[in-house]
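Dear colleague,

I am handing over the structure we spoke of, and below it you will find my notes on how the chains are related and how one of them is folded. Please read them with the model open beside you.

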Number of protein chains: 4
Amino acid sequence: MLSFVNDYSEGAHPAVLQRLIDTNMEHLPGYGKDRYCSSAAQKIARACGCPQAQVYFMAGGTQTNQVVTSCLLKSYQGVVAADTGHVNVHEAGAIEAVGHKVLTIRGEQGKIRAEDLDAYLEGFYADGNHEQMVFPGMVYISHPTEYGTLYTRQELEDLSQTCREYKIPLYLDGARLGYGLVAPGTDVDLTDIARLCDVFYIGGTKVGALCGEAVVFPRGNAPEHFSTMIKRRGALLAKGRLLGVQFDALFTDDLYSRISRNAIQTAAMIKKALREKGYQIVMDSPTNQTFVRLDDERMEELSKQVAFDFWERSDATHTVIRLATSWATTVEDTQALINLL
Amino acid sequence: MLSFVNDYSEGAHPAVLQRLIDTNMEHLPGYGKDRYCSSAAQKIARACGCPQAQVYFMAGGTQTNQVVTSCLLKSYQGVVAADTGHVNVHEAGAIEAVGHKVLTIRGEQGKIRAEDLDAYLEGFYADGNHEQMVFPGMVYISHPTEYGTLYTRQELEDLSQTCREYKIPLYLDGARLGYGLVAPGTDVDLTDIARLCDVFYIGGTKVGALCGEAVVFPRGNAPEHFSTMIKRRGALLAKGRLLGVQFDALFTDDLYSRISRNAIQTAAMIKKALREKGYQIVMDSPTNQTFVRLDDERMEELSKQVAFDFWERSDATHTVIRLATSWATTVEDTQALINLL
Amino acid sequence: MLSFVNDYSEGAHPAVLQRLIDTNMEHLPGYGKDRYCSSAAQKIARACGCPQAQVYFMAGGTQTNQVVTSCLLKSYQGVVAADTGHVNVHEAGAIEAVGHKVLTIRGEQGKIRAEDLDAYLEGFYADGNHEQMVFPGMVYISHPTEYGTLYTRQELEDLSQTCREYKIPLYLDGARLGYGLVAPGTDVDLTDIARLCDVFYIGGTKVGALCGEAVVFPRGNAPEHFSTMIKRRGALLAKGRLLGVQFDALFTDDLYSRISRNAIQTAAMIKKALREKGYQIVMDSPTNQTFVRLDDERMEELSKQVAFDFWERSDATHTVIRLATSWATTVEDTQALINLL
Amino acid sequence: MLSFVNDYSEGAHPAVLQRLIDTNMEHLPGYGKDRYCSSAAQKIARACGCPQAQVYFMAGGTQTNQVVTSCLLKSYQGVVAADTGHVNVHEAGAIEAVGHKVLTIRGEQGKIRAEDLDAYLEGFYADGNHEQMVFPGMVYISHPTEYGTLYTRQELEDLSQTCREYKIPLYLDGARLGYGLVAPGTDVDLTDIARLCDVFYIGGTKVGALCGEAVVFPRGNAPEHFSTMIKRRGALLAKGRLLGVQFDALFTDDLYSRISRNAIQTAAMIKKALREKGYQIVMDSPTNQTFVRLDDERMEELSKQVAFDFWERSDATHTVIRLATSWATTVEDTQALINLL
């Protein structure tokens with residue numbers, strides 16, 4: 001059975017795992033105060049071009065979104081997101097669980113447009129009733145989005161400028177950030193993100209780690225006592241080394257980018273083959289996710305040999321499926337998939 | 001200055017105030033355990049045709065929606081509402097503040113259609129990912145809606161049936177219930193609501209009381225320790241008598257309906273005059289709210305002599321305003337308004 | 001049946017009620033933006049000797065404690081209170097419901113001593129583990145306390161100084177403040193409280209109002225968008241006038257003090273009689289609550305003619321009861337009680 | 001530098017790490033639906049003697065306590081714990097963060113006595129005011145406790161019986177459960193815990209895993225949609241395999257007990273040496289934690305060669321320190337420590 005079902009089907013990248021093995025018996029302090037957490041934070045800060053960056057590690061994406069959101073928002077504020085945003089749809093209400101509303105605006109292939117954001121914010125303050133409404137207190141975007149799409153640098157500049165005009169932070173969910181940074185045609189790099197966002201996270205779980213996300217406050221702008229707030233949400237690992245060691249490995253010798261490229265290359269092979277064979281690709285995703293529309297019979301047949309993700313019903317006889325690659329996808333498996341298509 | 005700005009501009013109906021005066025120096029137990037709360041509850045139960053009904057009193061609508069929602073929902077559930085629903089838009093995030101998401105579906109003039117609800121619920125359970133989504137755990141409707149519109153009995157029957165199929169309670173926000181019950185053409189009475197909803201509240205603040213809403217669990221289905229949950233939300237008045245006495249007065253000799261009729265009659269005078277004079281009424285509201293589209297110049301002029309509510313911009317040169325009547329609106333003021341139109 | 005069961009058994013003081021009657025049919029804006037709320041706020045600010053004071057009104061004490069606490073604390077902080085404090089024991093977990101811990105220190109007859117507070121705060125920061133503990137973020141005291149006792153001015157000075165050293169606000173719950181301000185022997189007046197506390201509330205429910213408490217931020221130090229936060233907790237009355245009119249009456253011609261004195265005078269009559277007749281008064285309460293230890297037989301007998309509050313079992317054959325007076329207690333009833341003792 | 005500072009200073013036990021290595025490249029479903037989670041659950045159920053047990057995995061102890069507590073309690077309830085309980089003191093308010101109060105009763109060397117619990121529960125319901133108080137809704141104990149002490153089987157029987165009389169669940173925090181199960185003199189085994197508790201967790205983080213705790217509902221009594229509730233708290237790992245594989249290893253060939261014994265044996269060596277050398281051991285802890293009282297000079301000297309945990313000041317010139325062993329402590333290091341003492 002070939003597996004293209006998602007990008008978290010395997011364990012850790014071998015080089016990451018090796019570092020866990022190598023450091024396993026070292027005595028280290030707990031709760032993120034070990035030398036690997038420090039080292040990883042420094043390497044990430046350097047990669048971001050932000051020497052004053054503060055970096056914290058948490059185990060998963062929903063947890064990270066929950067903690068960051070609850071720390072950035074004031075009680076009367078909510079987070080603005082695309083209606084398709086992960087925080088709005090697929091986190092079981094983790095934002096609401098900590099008391100905040102997700103304020104949705106129309107997404108386009110998963111992205112928020114600065115002009116839509118601007119119109120929303122202007123409209124909010126123009127409403128005479130807004131004192132009895134949830135105030136927009138931050139903006140959530142994902143890059144790549146849930147649909148594998150990417151913002152351009154100009155689009156991020158525009159969103160950032162709008163946020164700064166309204167004095168609300170811009171937060172970027174980078175669960176799959178590695179795959180976005182090395183995608184063909186992107187003009188956005190990590191220093192752009194660090195410059196334009198107020199806080200963001202670099203995803204590990206889907207990009208080579210067993211678990212773990214690195215939250216970056218690029219200008220030393222972490223809230224006071226952020227560790228205590230992480231603890232209060234049950235998100236502070238006793239063995240913080242587990243996260244520190246992995247991110248230290250991922251940000252050594254550019255491993256994070258190198259392993260991300262594998263996902264892009266195998267996805268590119270798939271996209272090319274699909275186009276050549278006349279399949280309908282339904283989203284313009286340059287990253288590791290490929291969305292294809294199939295008739296149900298074809299899908300049924302394919303599912304006998306390939307694990308993929310059901311995405312959504314398209315019409316009575318067609319379905320959109322997702323084929324995901326990752327750092328772990330082999331060229332052999334990719335070729336086998338192409339042969340089946 | 002004529003006042004048609006809302007339905008909570010005055011104090012209490014004189015007969016309600018009189019009862020507060022008459023009972024003022026009686027020694028009564030606190031926290032809703034006084035004889036007036038009991039008597040009011042019995043009268044309301046009788047009016048609902050539900051001898052086993054349990055009735056609780058709270059001070060305001062947002063508070064009531066917050067307490068009821070938090071008591072009915074399980075932690076992993078949210079409340080389904082029209083996108084225009086009061087709980088979604090104008091309660092400053094009171095539902096999210098207690099940990100729950102408002103799951104919106106398209107409203108039509110403030111109303112939810114049973115087929116839209118059914119499609120939403122069916123779609124939810126069909127989604128393979130729904131275990132990581134917020135489960136629909138109750139349905140919120142308002143009657144009259146925020147737009148002054150009303151459900152028909154058949155529409156309520158359909159909504160109720162859908163809710164029962166999916167085993168989720170139907171909750172009706174009756175902030176302006178009195179005005180809905182006596183509106184021309186409605187076929188919905190209090191016994192229908194009690195029969196078709198699992199919980200609802202009868203609004204006092206906007207219908208003759210100084211403050212107060214009466215929550216009804218028509219089949220003795222209040223959650224255990226509901227009073228403690230009210231207290232925990234800061235919503236239990238020490239002098240519960242304030243609410244009991246008022247509702248006892250409102251449900252004596254059908255006062256609640258009688259004073260509601262005044263709002264309908266004065267609103268009908270306004271609607272008739274507007275139609276005759278060629279104004280554009282933008283919502284088919286049979287209750288105490290009238291929504292009119294005016295050119296901005298006309299609006300400006302009118303605003304010098306009449307207090308009304310700005311509703312929304314219609315286009316570059318027109319605005320929709322709201323004219324609200326209430327139990328307190330006089331025929332003289334109404335006639336004066338008509339003369340100005 | 002004589003009633004000394006509590007200080008919220010009757011409605012409003014006649015002069016307060018009269019103002020509600022007089023203003024009942026005025027058209028006024030909602031949500032606390034009416035002229036009576038403004039006027040009451042100004043009168044309270046003047047009484048506090050704080051022209052820049054900001055004053056907000058809410059319906060009840062638990063609600064007020066909940067809203068204020070949740071607005072003053074950061075997410076990683078809790079509120080320090082005496083173990084016997086109302087917020088710790090008798091509010092059904094309203095503080096925890098909004099996410100915060102009540103950090104208790106030993107109370108003495110309901111009061112916190114500055115040296116105990118200081119020792120607690122010093123110990124907290126000395127603990128190497130405090131980053132994984134709840135930070136003390138404000139101090140809650142009540143005056144009078146739940147036991148009817150009062151702080152001296154020096155005690156308040158000391159508490160205030162400790163709070164300022166640690167940069168945490170001092171909050172005073174004045175549910176029965178009127179009775180404290182006019183108690184014999186007190187050297188604390190409203191200007192002291194305004195000077196020494198960062199926020200406090202002046203109780204209305206137990207001192208002449210139907211409902212209502214006035215929250216005072218004496219140095220214009222209310223949190224931004226405090227009204228929205230009140231709304232979000234369901235605590236913003238549409239007819240805010242109900243609270244404004246009552247407090248405007250209470251702070252006209254010193255009514256608040258005058259009616260409080262009645263409670264003190266009748267309580268003094270009771271205390272004197274108890275002492276003369278050899279009863280054991282168990283708390284040194286100079287305010288409107290009197291705590292007496294009775295053998296159970298005597299208590300049983302008394303309960304046939306007097307409503308009082310059971311306070312606690314003292315030993316196998318004795319019980320402590322509470323006799324409460326208020327603005328509404330008559331000299332006749334007090335004399336009748338004394339005759340029964 | 002010798003390390004006896006805590007029991008989470010190293011990575012994973014080599015056999016656990018090996019299983020992560022061996023399974024690393026397997027394609028597995030996410031979110032705990034993989035075969036290792038199932039296998040681990042079955043092995044744990046068998047070890048508990050409860051074939052119907054449901055087992056869920058989370059990353060850390062505070063998280064587990066937070067999720068379990070929030071799922072078991074009704075909104076008006078709190079959790080009863082010893083005043084020294086981890087949930088009360090060292091979790092940064094994680095229980096309050098999800099809306100619940102920790103109701104403390106006096107602990108004795110970290111343990112709750114059934115008679116104290118019974119007195120507390122009886123007193124609660126006897127209090128006429130209890131409807132305005134937080135209801136006791138579950139009982140939290142730790143085994144071993146925060147002080148390394150253990151319940152006897154009879155003590156657990158008694159606590160369990162009291163809980164059942166009052167119909168509230170008994171929850172056991174087993175962060176260091178392994179060390180308790182193999183301690184000399186204990187008569188409590190895993191089947192006793194499964195029989196007497198309603199839910200408990202088996203600690204991995206401190207007993208051989210990189211991270212992870214296994215929550216057991218021994219009688220198939222997990223709340224409905226528990227996975228969704230885990231997700232909502234940000235506690236559901238995408239790569240649930242990380243936890244499943246580790247617990248599968250820990251519960252294969254009794255590894256969990258075997259590695260726990262090492263901690264007990266090395267701790268026993270230390271305790272014996274301390275006694276022989278006349279040190280004052282301050283807690284009767286039969287598990288992996290040893291609490292010793294030292295004069296400050298001695299402590300200072302020792303700290304140059306040994307990492308240990310400062311526990312508390314004893315008096316002006318003495319301090320209590322903690323020496324912790326674990327699965328990773330070597331006999332060589334232990335002997336070196338003894339030589340230094």
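All of the interface residues of chain A, that is 100%, are also interface residues in chain D, so these copies meet through the same surface. Please keep in mind that this is a predicted model. Chain A can be laid on chain D by a turn of 180° with a shift of 0.0 Å along the axis, and the RMSD of that superposition is 0.0 Å.

For chains D and B, a turn of 180° and a shift of 0.0 Å along the axis lay chain D on chain B with an RMSD of 0.0 Å. That is the relation of a two-fold axis. Here too, 100% of the interface residues of chain D are interface residues in chain B, so the copies meet through the same surface.

Turning to the fold of chain B, seven strands form an open sheet of mixed pairing, in the order β2-β8-β7-β6-β5-β3-β4. Its edge strands in chain B are β2 (54–58) and β4 (102–105), each of which pairs on one side only, and the twist from one strand to the next averages 25°.

Within this sheet, strands β7 (residues 199–203) and β8 (residues 213–217) of chain B run antiparallel and are joined by four bridges; as one bridge pair, Tyr201(B) has Val215(B) in β8(B) as its partner.

Finally, helix α6 (residues 114–126) of chain B lies across β3 (77–82), β4 and β5 (135–142) of chain B, and runs at about 170° to β5(B).

With best wishes

Conventions. Residues are numbered from 1 along each chain as its sequence is written. Chains are lettered from A and ligands numbered from 1 in the order in which they are written. This is a predicted model: local features need pLDDT of at least 70, side-chain atom pairs count only at pLDDT 80 or more; totals for chains, interfaces and linings use all residues. Side-chain values use heavy atoms; hydrogens and water are left out. Two strands pair if DSSP finds at least two bridges between them. Helices (H or I, at least four residues) and strands (E, at least two) are DSSP runs, numbered from the N terminus. Axes are lines fitted to C-alpha atoms, for helices over the stretch in contact, and angles run from 0 to 180 degrees between N-to-C directions. Contact means heavy atoms within 4.5 Å. Copies are superposed by least squares on the C-alpha atoms of residues with pLDDT of at least 70 in both.
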